[in-house]
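Me: I'm new to this one and would like to learn how to read it. Can we go through it feature by feature?

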Amino acid sequence: MDSTQWHRLSIDDVLKQLDACAEGLSADQAAERLARLGRNEIQRRKPISPLQLFLKQFVNFFIFVLLFAAVLAFAVSFLPGESERRLTAIFILVIVAISVTLSFFEEYNAQRTLETLDKLLVFKATVLRGGAHRQIDAAEVVPGDILVLSHGQKVPADARVIEAHSLRVDESALTGESVGVDKAPEPTVADAPLAERTSMVYGSTYITHGTGLAVAVRTGMATEVGQIAATLEQMAERPTPFQIEVQKMARQMTIIVGALAVVVALILLFVLREPLVDVALNTLSLAVATIPESLPIVLTFALALGARQMAARKAVVRRLAVVESLGSVDTICTDKTGTLTQNVMTVQRLFADQQVVAAPTAPTQDGVTRELLRAGVLCNEAVIEDAATFRVIGDPVDVALARAARDAGIDIPRERAAYAKVNEIPFSSERKMMTTIHQRDGRWIAYAKGAPDVLLPHCTTRWQKSQVAPLNESARLNIQKTIDQLGREAWYVLALARKDVPSADTGNDVEQGMTFLGLQAMMDPPRPEAAAAIARARGAGIRVVMITGDNALTARAVGQRLGIGERDVESRELEDLSGEALRERMKQVDIVARATPQTKQRVLEALQNEGHFIAMTGDGVNDATALKQSDVGVAMGLRGTDIAKESAAMVLLDDNFATILAAVEEGRRIFDNIRKFTNYLLSTSLGEVVVVLALSAAGYFPLSAQMLLWVNVVTDLVPASALAADPAVPHVMKRRPRRHDEPILNKAIYATIAGSIFRTLIAYALIFWTGLQFGDVTYARTMLFTAIVLHAFTRVMVVRQLDDLSIWSNPVLLWSYAAAVGLQLIALYTPLRHLFGIVPLDWRAWAVMIPVVALSSLWGVYMTRWILKLVPLWEK
């Protein structure tokens, strides 16, 4: 890796080290270097193929368990008289196929076609070859090439400036600076941060003003953008806490299944004296019943539903597991430019006639204000491409001046035609001012703009009430006081002046004895919704930290306006801190300014090591590594660079910070629903098994394999999927984030499951015993079989006590229950009953089942409320 500090070297030293000259390389030299050093491209990333993405869905412990059960059932089906086991195997395989396919298509559709790292530098570049200008593919630029830079051009490589004429570069995508950076050939200090290396231009940034020459010093993967891309390649994708928790739950379920299978096998073998083959088959049936086969598909469905809801709210997730992860976010580390702010410089304050006023947003006839704004559009190089939509191209400051004049009712094309520009003294980083000369009705007027501390000494008079007045000491002090105050408030301030001149000549005295017109103060304004979104985040227990490449003064001003805070620190102050010291320091920091990509990574690591679950937002190349390292990386879809989108887990389609909070709300809702249907599935599955276990010990085996499979489909899959669509509870964004390592099944859930199993055992045993009194074992099995389906809905209502939701708040759930009851009636009263070995039930059975199920449900509601009082829902 090239570690040369090119920004601090003189031009002669740079050319010497590169074996280059000011006339450029020869064709032979360029060809040799291209062959030796490679093309100026970001290395192509090998995308994951659809087949690899599909196979990835099988890397799941739950899927492994289900596949093992399917293989076991299929093997047993070849034994005499056990062909029905093939139905069990097919059912399990169908569940696996649906789960895997649904997950695959959701991730495949969400996967952005963002393979654009290799396209960042694919464009044309103008270079000097043998002293002549040549336009080549930017991928053919090599170190030592002399780059010809001009307004509107994208810089093809990292290069050392050797000549600059009012050269200004937009580096916001790389550094976070919202204001263009003036470039000059003079070396900078060795330890200058990236944003202050004025002698360098960087690949993938844009020339917004002026012209210049620069010698390419780094190309391809050696550029700043390339180094970020290389870092991304080395960063492994970590599983989310939710994925880890699901794997853990699958292992727990496997242990439970194994334990129950052993108990059943012992009872059947030593108590009921069943043959060994029957023991194996019945144990398999119970094992299949115990495993909630529907859980993987319902989990996938819930996450996919959440992803679609987020997409409807302008947030697209690239991995399904991220949907749930958003609910655990307790800290948002956000970039400033383009994320909290609009990334559009806007004039908001004017100093005219010795007073500060708001920039007009409607036509004004005030002569002093109009002359100040007129100066801003005449001494201006911005180009209006489309007058109808007011599409303006140019330096962000010039664009802001043009927009301010347009908003005040000034017809810019007409003014520029009336005041024809005939000459100019261009802006330069040394002069820090620019002057243009215009002809109007046979006379010449010079208009100037520049840094206030530079332009003010050139003025001897001031514009007052549309007339020239003396610029006395009192007025000068008032102007300086205003400049200082606006500077402390982090405004970007321009001074403007005018002078009647005798000709179009740009002599030495043109910029002397000018008339001070006033000041225009501008800022990249905060997004209108950002302050409310940050306040909402605080109300939800989420801390917001601004990490920006901008300077501390500007960042602090934005932080104060938005309610983030004002405790700021510059990146260089954190560089020498140890890991522990950095963690302690970050507890007292709201804003990190002048942040480099390395700083962002260290700050994220410090916060993550403190146990925080971090969402990082950003839109620039400089955000890419932090986006990938964070727990949830969030890129801006409109203003975001391709490399940022590629690195993020979620992309905001509207670049709206408030959309992140909408996504967090959706993430919390999804987790609540996952917790509910997991509770439902496990309690119903375990309840069925305990009943079968108890009745088996009493000498009965109450449910056949077909019945168990039917129950799994009718009472598990359909209602559980409907639970995934439950609405969010009203207080979902008024509680603190759950810990990212909090299990799905906490103490309250375990307690409610245990209570459910206990009351289910009593209710089902009572119904089975009644069935024996009304008829034979087949009648009793039919009553139990039907009661389980009826009981499913009441169990759902009990589970929803966790969120205290109305029975009418989820119509899909009501329709799912109606469908389940309808299917059960078809199974009872059509020839389909022969498949299950059941008989039609008369009114006596219904007269017993309905009251018992209803009373069991009522008991469950009160039991759940009692448990929740003893064990708070969000306690681990």
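Me: Let's start with one residue: is Ser-199 buried or exposed?

Reply: Burial goes by relative accessible area: buried means under 20%, exposed over 50%, and partly exposed in between, with a 1.4 Å probe and protein chains only. Ser-199 has a relative accessible area of 0%, so it is buried. Before we go on, a word on the source: this is a predicted model, where local features need pLDDT of at least 70, side-chain atom pairs count only at pLDDT 80 or more, and totals for chains, interfaces and linings use all residues. Residues are numbered from 1 along each chain as its sequence is written, and side-chain values use heavy atoms, with hydrogens and water left out.

Me: Which residues does Ser-199 touch?

Reply: Contact means heavy atoms within 4.5 Å. Not counting residues up to four places away in sequence, Ser-199 touches His-7, Ala-159, Arg-160, Val-161, Ala-184, Pro-185, Glu-186, Pro-187 and Thr-188. Ile-162 is 37 residues from Ser-199 in sequence, with 8.1 Å from C-alpha to C-alpha.

Me: Where does Ser-199 sit among the helices and strands?

Reply: Those elements are DSSP runs numbered from the N terminus: helices are H or I with at least four residues, strands are E with at least two. Ser-199 is in the loop between β5 (181-182) and β6. Over the protein chain, you'll find 30 helices and 26 strands.

Me: What share of the residues in the protein chain is buried?

Reply: Of the 876 residues, 57% are buried. The chain exposes about 35,100 Å², and carbon and sulfur atoms supply 58% of that; areas like these come from the Shrake-Rupley method with a 1.4 Å probe, and for residues only the protein chains shown count as cover. As for contacts with a separation of 6 or more, 73% are between residues 24 or more positions apart.

Me: How many residues does the largest nonpolar core have?

Reply: Here's the general idea: in soluble globular proteins, nonpolar side chains tend to be buried together. A nonpolar core is a set of buried Ala, Val, Leu, Ile, Met, Phe, Trp, Tyr and Cys residues joined through side-chain atoms within 4.5 Å. In this model the largest one has 114 residues, and Phe-657 and Phe-677 have the most contacts inside it. Helix α24 gives the most to this core, with 18 residues. Another core, of 36 residues, lies apart from it, and Ala-359, Phe-390, Ile-410 and Met-434 are among its members. Back to Phe-677: leaving out residues up to four places away in sequence, it touches Leu-295, Val-298, Leu-299, Ala-302, Ala-720, Leu-723 and Ala-724.

Me: At roughly what angle do α24 and α27 cross?

Reply: Axes are lines fitted to C-alpha atoms, for helices over the stretch in contact, and angles run from 0 to 180 degrees between N-to-C directions. The axes of α24 (residues 657-697) and α27 (residues 777-799) cross at roughly 145° and come within 10 Å. Residues that meet there include Tyr-680 and Leu-695 in α24, and Leu-784 and Ile-788 in α27.

Me: What is unusual to look for in phi, and which value does Ser-204 have?

Reply: Most residues other than glycine have a negative phi, and most peptide bonds are trans. Ser-204 isn't a glycine, yet its phi is positive, about 75°. You'll find Ser-204 in the loop between β6 (200-201) and β7 (206-218). Asp-441 also isn't a glycine and has a positive phi, near 50°. Asp-441 lies in the loop between β15 (433-440) and β16 (443-450).

Me: Why does Ser-204 count as buried, and why is Asp-441 exposed?

Reply: Ser-204 counts as buried because its relative accessibility is 10%. Asp-441 is exposed because its relative accessible area is 69%.

Me: Why does Gln-342 count as partly exposed?

Reply: Its relative accessible area is 27%, so Gln-342 is partly exposed. Gln-342 is in the loop between β9 (331-334) and β10 (346-352). Setting aside neighbours within four places in sequence, the contacts of Gln-342 include Asp-524 and Arg-639. The C-alpha atoms of Gln-342 and Arg-639 are 9.6 Å apart, while 297 residues separate them along the chain.
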